[in-house]
Amino acid sequence: MESDIKLIDNNGKRLDGRSEGDLRNIKIEAGVLHRADGSCYLEWGGNKVLVAVYGPREAIPRHSQNPLRAIVNARYNMAAFSVEDRKRPGPDRRSREISKVISEALEKVILTEQFPRAAIDVNIEVLDAEAGTRCAGLTAAGVALADAGIPMKDIPASCAAGKIQGNVVVDLGKEEDNFGDADLPIGISPRTGEILLLQMDGHLTLEEFNKAFDYAIEGCHKVSEIQKKAILEKYQSVVEEK
Ligand code: ADP
């Protein structure tokens, strides 16, 4: 979508003052819900996301069970009040797509073969949406799964990069997403570098793609450090309380 808004000025500063390689502020807290087996609250720029993990537990209905491994059901939902114009409640095409790509990303890191016939439910609730919610959701899901003690090869981390008015930048904000040229959300296993999620909206030349890809991967590694700190903070305080 073209716009009269100047998304990046002559000094390379973006609308919120960031440079092209800067992420928005990210705050992560692990273990915020008592009833869930694992949980996470995450703020990323103007996004607010809550994740509750249940399981592994017997998959119901029984015909959904896989005798060889656990099934991973990520369910992404945007609250009706999370966007400017009230969003019609309930699942839609977009939320089904995001649920599917996040489920597939998580299946690649969870040691599902350790839990045959089980289900691992990952409920992702977007309370405030301001672009980049699938990355925020996958990042928070990784922390909530670790908080639930579910064995994983690694904690998945996610970040996007994109193009605004001809400039490749990391972590698009709301206006940048609305009026920008391309968005490239990526999820990785930071330890191995395996790509768990990669989608692209818009057009990039090969050169732009490579730059955006590098920015998104670099962003994932920064996000990973914040995730590890959040988990450490929770479990360090538990040990200190004893
Ligand atoms: P992501 O949130 O992963 O970037 P999209 O690119 O599909 O996913 O959406 C970009 C942003 O558009 C969302 O973060 C949200 O702020 C906004 N948005 C998405 N769906 C709606 C909707 N139904 N109504 C209003 N705004 C929406």
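The exercises below concern local backbone geometry and residue environment in a predicted model.

**Exercise 1.** Determine whether Ser39 is buried or exposed, and state which residues distant in sequence it contacts.

*Solution.* Begin with the location: Ser39 belongs to strand β2, which covers residues 38–44. Next, take the relative accessibility, which is 0% for Ser39; since buried means under 20% relative accessible area, Ser39 counts as buried. Finally, once the neighbours within four places in sequence are set aside, the contacts of Ser39 are Glu29, Ala30, Gly31, Val32, Leu33, Val51, Ala52, Ala144 and Asp147.

**Exercise 2.** For the peptide bonds from Gly55 to Pro56 and from Ile60 to Pro61, find the configuration and place each proline in the secondary structure.

*Solution.* Consider the general expectation that most peptide bonds are trans. The bond from Gly55 to Pro56 has omega near 0° and is cis, and Pro56 itself lies in strand β3, residues 47–58. The bond from Ile60 to Pro61 is cis, again with omega near 0°, while Pro61 sits in the loop between β3 and β4 (71–78).

**Exercise 3.** Describe the phi values of Arg117 and Gln165, and then the setting of each residue.

*Solution.* Recall that most residues other than glycine have a negative phi. Arg117, which is not a glycine, has a positive phi near 70°; the residue is in the loop between α1 (93–107) and β5 (118–128), and its relative accessible area of 43% makes it partly exposed. Gln165, likewise not a glycine, has a positive phi of about 45°; Gln165 occupies the loop between β6 (157–164) and β7 (167–170), where its relative accessible area of 31% makes it partly exposed.

Conventions
Residues numbered from 1 in each chain as written. Predicted model: local features only at pLDDT ≥ 70, side-chain atom pairs only at ≥ 80, totals over all residues. Heavy atoms only, no water. Helix = DSSP H or I, 4+ residues; strand = E, 2+ residues; numbered from the N terminus. Buried < 20%, exposed > 50% of the residue type's maximum accessible area, 1.4 Å probe, protein only. Contact = heavy atoms within 4.5 Å.
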